[in-house]
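Q: Could you take a close look at one part of this protein with me, the place where helices pack side by side? I'm in my first year, so please go slowly.

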Amino acid sequence: MSSSQTKRPLQSLNSRALKGDIRVPGDKSISHRSLMFGGLAIGETKITGLLEGEDVLATAEAMRKLGATVNRDNDGTWHVTGVGVGALREPDSVIDMGNAGTGIRLMAGIVATHPITTFFTGDASLCKRPMGRVADPLAEFGAQFITRERGRPPMAVIGTDEAKPVTYTLPMASAQVKSAVLLAGLNTAGTTTVIEPKPSRDHTERMLRHFGVDVDVSINDDGGRTVSLTGPVEMKAADIVVPTDPSSAAFPLVAALINPESQVTIRDVCLNPLRTGLITTLIEMGGDITITNEREEAGETIGDLVVSGKNRLTGIVVPAERAPSMIDEYPVLAVAAAYAQGETRMCGLEELRVKESDRLAAVAAGLAANGIIHRIEGDDLIVTGGDVPGGGMVETHLDHRIAMSFLVLGLGANDPVAVDDANPIATSFPSFEALMRELGANLAPAGS
């Protein structure tokens, strides 16, 4: 979202039981990668179910500027004709990645080992986010980076034509950093290896295999993983059906659980085991969630979620090791915790401080504005649930997940809950308002 765009306050009000059968947008992580990998492959890749949010559309435009042919049919099918690994062209202009943190970090990995210079920028939120975590390992390949102070975009990446393979140990579990390093390895002679302390999302490894790349994954003695590939590689076009995004499904899922007598089915959700931490947690809290029609598509497990609001949730301790599998879902989990009986402790949330906003601070401020008892201890968030007063205005900080989470909060609150700007929702879930209203959610414009 442009920082100059007029804010659009929106509020949610106490709603009746939610009912319906819906399909949320395609998975954002898989959508980004399908466009990137299609652009690096030889031949035409057909993509169905692509998320057409602003973040992903920015990646589509980025791949066009790097030489790939990217087109959309009227029926929503996308076609990407790639140029091959090593054959990206230097862009004629700056690449604007919008709000896409995943997009800019993975693109940095791709261009770092191509002999081109690429300039990246983004919206006001993205330009506050640190890029050093990818720039540091990518510099080991021989690439050069120029950023603003503290590693913030705009960012220039001067790629190398003499890339050297890297073995890199991640300081934290991060699918974005892991993926950036692996993607740099695609055009590097030799074996590139990433050692991660805890397993993080593995969409990159799964999809690279789908495009014909041999990726080796082994489990370390400490429970982490070692991931390696040997380049340079040749990627072959492979059609992709994008499953729906579990991070987007999280909002109607929690909304159904906190509204008694709700009955909602969410179709074709990505059930990659490294993405299902929220589902596991909500079931532990007593949520009535059933998985049906489970199957495989392009290396990913997908299925339908049948959700009922008949059970009252109960507070639990959410272990820190679960964080990588649900890092984007903590804001809406905090909403669920506000309705749960007792105390919910969410441990190890340091990564939330460097997302689209400082999500830990933003969540705490939103809870405070709506009368919910909570506290932060180190990197843990503790929420005491029960009656939800509501009545507050929540500052979103241009963060789509903060906006959607607190709109869910208002669906069962005593008084309406407002967010200062609903525009950022379009970055990941452009149909959010329409789908939630279809289920029976009461959403309305809020006064400024």
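A: Let's start with a bit of vocabulary: an axis here is a line fitted to the C-alpha atoms of a helix, over the stretch in contact, and the angle between two axes runs from 0 to 180 degrees between the N-to-C directions. Keep in mind too that this is a predicted model.

Now find helix α7, residues 246-258, and look at how it packs with α11: the angle is about 15°, and the axes are 9 Å apart. Angles under 35 degrees count as roughly parallel, and that makes α7 roughly parallel to α11. The crossing of these two helices is right-handed.

Who does the touching? From α7 come Ser247, Phe251, Val254, Ala255 and Ile258, and from α11 come Arg401, Met404, Ser405 and Val408. Sorted by class, the residues in this contact of α7 with α11 are six nonpolar, two polar and one charged. As you look at those numbers, it helps to know that an α-helix has 3.6 residues a turn, so residues three or four places apart point the same way.

Next, turn to the other helix that packs with α11. The axes of α9 (residues 330-339) and α11 (residues 400-409) come within 8 Å and cross at roughly 20°. α9 and α11 are therefore roughly parallel to each other as well, and their crossing is right-handed. On the α9 side, the contact uses Pro331, Val332, Val335, Ala338 and Tyr339, while α11 brings Arg401, Ile402, Ser405, Val408 and Leu409. By class, the contact of α9 with α11 has eight nonpolar residues, one polar and one charged.

If you put the two lists together, you'll spot some names twice: Arg401, Ser405 and Val408 of α11 take part in the contact with α7 and also in the contact with α9.

So how covered up is α9? Mostly: ten of its ten residues are buried. Among them are Leu333, Ala334, Ala336 and Ala337, along with contact residues you've already met, such as Val332 and Val335.

Want a contrast with the helices? Try the hairpin of β20 and β21, which has two residues between its strands, and where Gly378 in the turn has a positive phi of about 65°. Strands β20 (residues 374-377) and β21 (residues 380-385) run antiparallel and are joined by four bridges. For one pairing you can trace yourself, start at His374 and look across to its bridge partner in β21, Val383.

Methods:
Residues are numbered from 1 along each chain as its sequence is written. This is a predicted model: local features need pLDDT of at least 70, side-chain atom pairs count only at pLDDT 80 or more; totals for chains, interfaces and linings use all residues. Side-chain values use heavy atoms; hydrogens and water are left out. Buried means under 20% relative accessible area, exposed over 50%, partly exposed in between (1.4 Å probe, protein chains only). Angles under 35 degrees count as roughly parallel, over 145 as roughly antiparallel, 65 to 115 as roughly perpendicular and the rest as oblique. A crossing is left-handed if the near helix is turned anticlockwise from the far one by less than a right angle, and right-handed if clockwise. Contact means heavy atoms within 4.5 Å. Ala, Val, Leu, Ile, Met, Phe, Trp, Tyr, Cys and Pro count as nonpolar, Asp, Glu, Lys and Arg as charged, and the others, Gly among them, as polar. Two strands pair if DSSP finds at least two bridges between them.
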